[in-house]
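Biologist: Before we start, could you take me through this model slowly, and explain each term as it comes up?

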Amino acid sequence: MTDSVNNIVDNILKKLNTSSFFQSSGKIKEIKGVSIEAIGLNVSIGEIVEIIHPNKVNNMFAEVISVGEQSFTLMPFGDIHGLNLECKIISSQKTIQIPISLNMRGRVLDALGNPIDGKSLPENVEFISKNLVPINPLHRVPITQKLNTGVKALDLFTPIGIGQRIGIFAGSGVGKSTLLGMLCKYATADVIIVALVGERGREVTDFISNVLGEQGLKRSIIYVATAEQPAVFRRFIAYTATTVADWYRAKGFNVLLVMDSITRFAYAQREIGLAASEPTGLRGYPASVFSQLPPLVERGGALLGQGSITSIYTILVEGDDYNEPISDHMRSILDGHIILDRTLADKGHFPAINVLKSISRLSSILHTNEQKKLIAQLKKYLALHNEYSDMIQLGAYQSGQNKLLDCIIQYKPEVDETLIQLENERIKPDSVWIRIQNIITKIDSLGE
């Protein structure tokens with residue numbers, strides 16, 4: 001971990017050109033928890049400062065997260081062990097610059113854009129700052145073109161448009177990472193930006209090697225901030241990935257931005273907000289968490305004269321409570337939501353998408369009239385089966401009581417088989433529509 005932090009520091013030194021650091025310095029007033037309160041400098045929010053140890057044994061960088069009349073608060077980029085009140089604070093009057101190039105696909109980088117895959121940055125790299133300036137809504141292009149995801153349940157029930165923002169809501173261990181891997185491998189996009197926020201180190205390697213695979217990695221740029229890294233990295237990675245996606249869109253690319261998970265971004269911002277002494281609200285979340293989510297999500301979309309960003313965010317639902325604060329807030333600012341059901345996962349139904357609870361707000365635009373009729377009819381039949389599911393499982397329902405329900409029960413396994421999809425199985429959408437139409441025709445003819 002120490003070597004990793006030192007490498008990050010070395011790279012930041014190069015980016016910030018520390019020879020231009022101001023010679024004036026401040027000092028540490030107090031070290032509390034994971035934050036540092038300092039005095040003696042005129043700094044700005046988001047500015048990077050260097051903490052210099054008297055013995056030069058634990059020098060590190062930190063980000064300014066709050067500014068007061070007589071002091072300011074820092075979040076360090078490394079372990080604060082060994083720091084003391086004799087450390088000096090040197091100002092840079094600069095913010096982080098993110099390296100970007102057209103030759104970044106197939107690479108794995110950290111939250112600051114430093115390679116962690118053992119390779120150097122490509123030539124002709126340019127450095128850009130995160131830019132979340134609001135987009136003029138009149139510059140947005142209406143979403144009319146469907147993104148072929150290669151996942152049957154999504155293409156049928158929850159179609160995603162090119163430029164749409166949608167969330168995957170799931171508890172832990174329900175298969176969201178596997179679903180994301182399928183999307184990265186099969187979705188039609190020029191470049192895929194993946195941000196792994198606060199993931200376990202083992203899961204990062206597994207996602208890249210087994211879930212994403214060589215095919216998916218070739219057209220992807222992976223940004224990683226693991227769970228043990230400081231909160232500033234786990235927050236900043238969301239801006240890094242979004243800024244890079246924005247840069248590619250400006251070049252005319254159709255970008256798929258995948259962030260796993262936005263909930264851990266919220267956790268990092270909560271940690272930073274609490275360190276900055278923000279008042280807390282519902283479930284301990286400060287107001288800054290909810291104020292930073294919309295500007296991040298709103299970067300998605302298709303713009304006039306540019307390409308598009310199709311954004312997919314995973315939301316880790318606490319205790320399978322889909323009304324917890326982050327889930328509730330994200331549903332209100334996204335263009336749809338995909339619900340992964342633990343009950344389906346327990347039955348071995350993958351991807352475990354609850355098609356009745358999942359919604360795409362653009363399905364009426366992306367589906368043809370015939371497709372909308374088919375899906376509406378199939379949802380009606382699935383809803384009827386769901387209404388009587390408890391009676392069916394308990395054996396309380398007797399065949400012959402409802403002719404239509406009898407037909408639905410007969411063909412329900414065939415519907416489930418149609419929606420189940422292996423991780424490495426890519427399906428042509430037309431063949432699935434034909435199969436769904438055949439099932440509905442059988443139910444309609446026998447249930448009359």
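Modeller: What follows is a short set of questions and answers about the chain shown above.

Modeller: This is a predicted model, in which local features need pLDDT of at least 70 and side-chain atom pairs count only at pLDDT 80 or more, while totals for chains, interfaces and linings use all residues. Residues are numbered from 1 along each chain as its sequence is written, and side-chain values use heavy atoms, with hydrogens and water left out.

Biologist: Why is Pro159 called buried?

Modeller: Buried means under 20% relative accessible area, exposed over 50%, and partly exposed in between, with a 1.4 Å probe and protein chains only. Pro159 has a relative accessible area of 0%, so Pro159 is buried.

Biologist: What makes Ser360 a contact of Pro159?

Modeller: Contact means heavy atoms within 4.5 Å, and Pro159 touches several residues, including Ser360, Ser363 and His367, when residues up to four places away in sequence are not counted. Pro159 and Ser360 are 201 residues apart in sequence, yet their C-alpha atoms are 6.3 Å apart in space.

Biologist: Why do Cys87 and Cys184 count as buried?

Modeller: Cys87 counts as buried because its relative accessibility is 1%, and Cys184 counts as buried because its value is 0%.

Biologist: How many disulfides does the structure hold?

Modeller: A disulfide is a pair of cysteine sulfur atoms within 2.5 Å, and the structure holds zero of them.

Biologist: How much of the chain is buried?

Modeller: Buried residues make up 54% of the 448 residues in the chain.
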